[in-house]
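Got the viewer open? Here's a short tour: pick out each selection as it comes up and have a look around.

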Amino acid sequence: MKRDKQACSAVSEMSYSRRDVLKKTLAWSGVALGGAVLSGKLLAQPLSLNYPDEHVKILDESFAKYRLFNASVERLATGMRWVEGPVWSGDGRYLLVSDIANNRIMRWDELTDELSVYRYKSNHSNGLCRDLEGRLIACEGSTTDVEGRRVTRTEHNGTITVLADNFEGKRFNSPNDVIVKRDGSIWFTDPPFQAGSMYEGNIVKTELPDAVYRIDRQTGKLTQVITEIAGPNGLCFSPDESILYVVDCLTGPNRKVWAYDVASDGTLGARKAFISNIKHAAFDGIKCDQDGNLWCGWGSDGSKGQDSKALNGVMVFNKHGKAIGHISLPEYCANICFGGTKGNRLFMAASHSIYSLYVNTRGATFV
């Protein structure tokens with residue numbers, strides 16, 4: 001009788017084991033056959049099932065080579081309040097974004113397709129990037145008189161180092177976007193945007209003029225390199241780093257992009273208006289690809305008499321400042337970055353959601 005019970009128990013365990021295997025097999029089969037669930041999470045959803053995707057619009061034939069016929073604009077995750085500052089981490093195959101209004105940094109994992117909280121109480125971080133050693137650099141926006149309004153580095157052991165929180169004894173306004181040059185220097189913009197908002201931080205009195213700064217890698221010296229732009233926002237280098245592009249948000253009457261010559265010692269020379277006189281254009285974050293094209297977060301600037309839905313997305317300009325392509329999104333796109341294993345996946349941080357699109361080029365920093 002005892003043997004029969006043991007035998008029944010063994011058969012039962014084998015049965016449950018087979019059922020579990022079958023359930024897992026069916027679950028994975030569902031994913032392979034077009035099912036939308038993996039570990040209880042929704043997989044990336046294309047905005048269109050058509051090829052080519054009608055959301056990827058060719059404005060000039062030169063853009064055609066960058067559009068992949070069988071690649072869709074996909075929504076990877078949603079549920080955030082204001083998404084900014086995407087940065088790709090190739091070693092971990094994940095994307096970090098700032099969810100500014102929720103005061104946190106979110107992590108989207110490429111392998112599991114899951115969205116999770118990377119850091120809560122991020123001091124309303126905005127722009128993010130990685131330095132030459134793979135450490136996270138963050139622009140922390142306006143929080144209180146004693147926290148935030150600084151640029152920090154997260155060390156490999158998780159501790160946070162403050163790289164800069166003032167210039168000549170005066171606190172920053174609300175550091176916005178940040179990049180790292182190949183010489184290791186860190187460049188960031190400091191407009192007043194978050195300093196005047198209780199939604200993205202706390203209202204504080206600004207002490208400095210709007211500016212762009214550079215932190216020297218060797219000495220840590222902080223230099224104010226641009227002061228003639230009102231509301232400097234996104235910034236990036238050309239592929240050879242001889243040009244610095246900076247978004248001007250407040251000089252008016254329309255937002256524009258300035259191009260500065262960059263000397264080998266990090267000083268800036270003459271500037272020229274690279275893109276200007278585009279009505280209702282809300283330039284935000286920008287990135288260069290390997291060919292020198294400028295990919296720009298895009299949307300409505302909030303003025304009356306415009307079709308904001310038609311503007312939302314990413315606008316692409318060639319190195320001569322001509323618009324050649326537009327990626328249409330259902331939400332305002334604040335910032336972008338290139339990532340993926342080949343650097344040819346465009347990630348778009350757009351209002352409440354994260355989107356992506358594979359393109360036939362890669363970011364300049366992957367060259």
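Start by selecting strand E7, residues 94-99, and show its side chains. Tyr-94, Leu-96 and Ser-98 point one way, while Leu-95, Val-97 and Asp-99 point the other way. Are these side-chain positions buried or exposed? Every one of them, on both faces, is buried. With 6 of its 6 residues buried, E7 is largely enclosed by the rest of the structure, so expect to hide some surroundings to see it. Keep in mind that you're looking at a predicted model.

Next, add the strand just before it, E6 (83-89). E6 and E7 run antiparallel and are joined by 5 bridges. For a landmark, click Ser-89, which stands opposite Tyr-94 in E7. The two strands make a hairpin with 4 residues in between. In that turn, pick Arg-93: its phi is positive, about 55°.

Now go to the other end of E7 and select strand E8, residues 104-109. This pair is antiparallel too, with 6 bridges between E7 and E8. Zoom in on Leu-95, whose bridge partner in E8 is Trp-108. E7 and E8 also form a hairpin, again with 4 residues between the strands. Here the residue to click is Asn-103, with a positive phi near 55°.

Time to look at some empty space. E6 is one of the strands that give two or more residues to the lining of the largest pocket. The others are E10 (125-130), E16 (178-180), E20 (232-237), E24 (286-288) and E28 (335-339), so colour those as well and you have the set. How much space lies in this pocket? About 740 Å³. To centre your view, select Cys-129, Arg-130, Val-180, Thr-365 and Phe-366, the closest to the pocket's centre of the 28 residues that line it. Colour the lining by class and you'll find 17 nonpolar, 5 polar and 6 charged residues.

Stay with E28 for the last stop. E28 belongs to an open sheet of 5 strands, in the order E3-E5-E30-E29-E28, with antiparallel pairing. Which strands stand at the edges? They are E3 (45-46) and E28; each has a single partner strand, so one side of each is left without a neighbour in the sheet. For E28, select E29, residues 345-350, and you'll see an antiparallel pair joined by 5 bridges. Finish by clicking Ile-336, whose bridge partner in E29 is Met-348.

Key:
Residues numbered from 1 in each chain as written. Predicted model: local features only at pLDDT ≥ 70, side-chain atom pairs only at ≥ 80, totals over all residues. Heavy atoms only, no water. 1 Å grid on protein atoms, 1.4 Å probe; cavity = no way out; pocket = protein on both sides within 12 Å on 5 of 7 lines; lining within 4 Å. Points joined across faces, edges and corners; volume = space filled by probe spheres on them. Nonpolar A, V, L, I, M, F, W, Y, C, P; charged D, E, K, R; others polar. Pairing = 2+ DSSP bridges. Buried < 20%, exposed > 50% of the residue type's maximum accessible area, 1.4 Å probe, protein only.
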